[in-house]
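Work through the exercises below with the sequence and the model open. Each task is followed by its solution in steps.

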Amino acid sequence: MLLVETFIQSTSKKGLGLFAKSFLPKGTVYWKRNEEFDRLFTVEQFAKLDPIAADYISYDGFLETTGNWYLCGDNARFSNHSSTPNTKNNFDVQNLIVHSVVSVDVEAGEELLIDYTEICQTCIDGVAFESHF
């Protein structure tokens, strides 16, 4: 669940992206795990989904080490990948993401970028594209 104001905007070569609405100083916690707000799909639940729903979750969500799919219920689902992100993820002992912080000062209007290989098991070996931001 996002903890700061954001907006969605088109971004070069990536479609839509997540942007900070105001200045975020380095270390700001901007996202936290909240399974009451976001949606967690267990392996069993995911297996029962219609293919269109499963495709949506596979595209906009991320596969965790538990085999569950995590789908953000807000604009966080528009976060784009970068091999040099301006955010840092923090994990628990099960390697599940707990919260995310900005790792550098982020200006208003700047895109918030994450490293997909840290959070999604389907990207653990890399992604089919690389961002040059």
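**Exercise 1.** Place Thr11 in the fold, state whether Thr11 is buried or exposed, and find its side-chain partner.

Step 1. Thr11 belongs to strand S1, residues 6-11; strands (E, at least two residues) are DSSP runs numbered from the N terminus. The model is predicted: local features need pLDDT of at least 70, side-chain atom pairs count only at pLDDT 80 or more, and totals for chains, interfaces and linings use all residues. Residues are numbered from 1 along each chain as its sequence is written, and side-chain values use heavy atoms, with hydrogens and water left out.

Step 2. The relative accessibility of Thr11 is 12%, so Thr11 counts as buried (under 20% relative accessible area; exposed is over 50%, partly exposed in between; 1.4 Å probe, protein chains only).

Step 3. The side chain of Thr11 makes a polar contact of 3.1 Å with that of Glu111 (a pair of N or O atoms within 3.5 Å; within protein, one able to donate a hydrogen and the other to accept it, and residues adjacent in sequence count only if both atoms are side-chain atoms).

**Exercise 2.** Describe the backbone and setting of Asn95.

Step 1. Asn95 sits in the loop between strand S8 (87-91) and S9.

Step 2. Its phi is near 65 degrees, a positive value in a residue other than glycine.

Step 3. With a relative accessible area of 40%, Asn95 is partly exposed.

**Exercise 3.** List contacts of Leu112 beyond its neighbours within four places in sequence.

Solution. Leu112 is in contact (heavy atoms within 4.5 Å) with residues including Leu18, Leu24, Tyr30 and Val102.

Notes. Helices (H or I, at least four residues) and strands (E, at least two) are DSSP runs, numbered from the N terminus.
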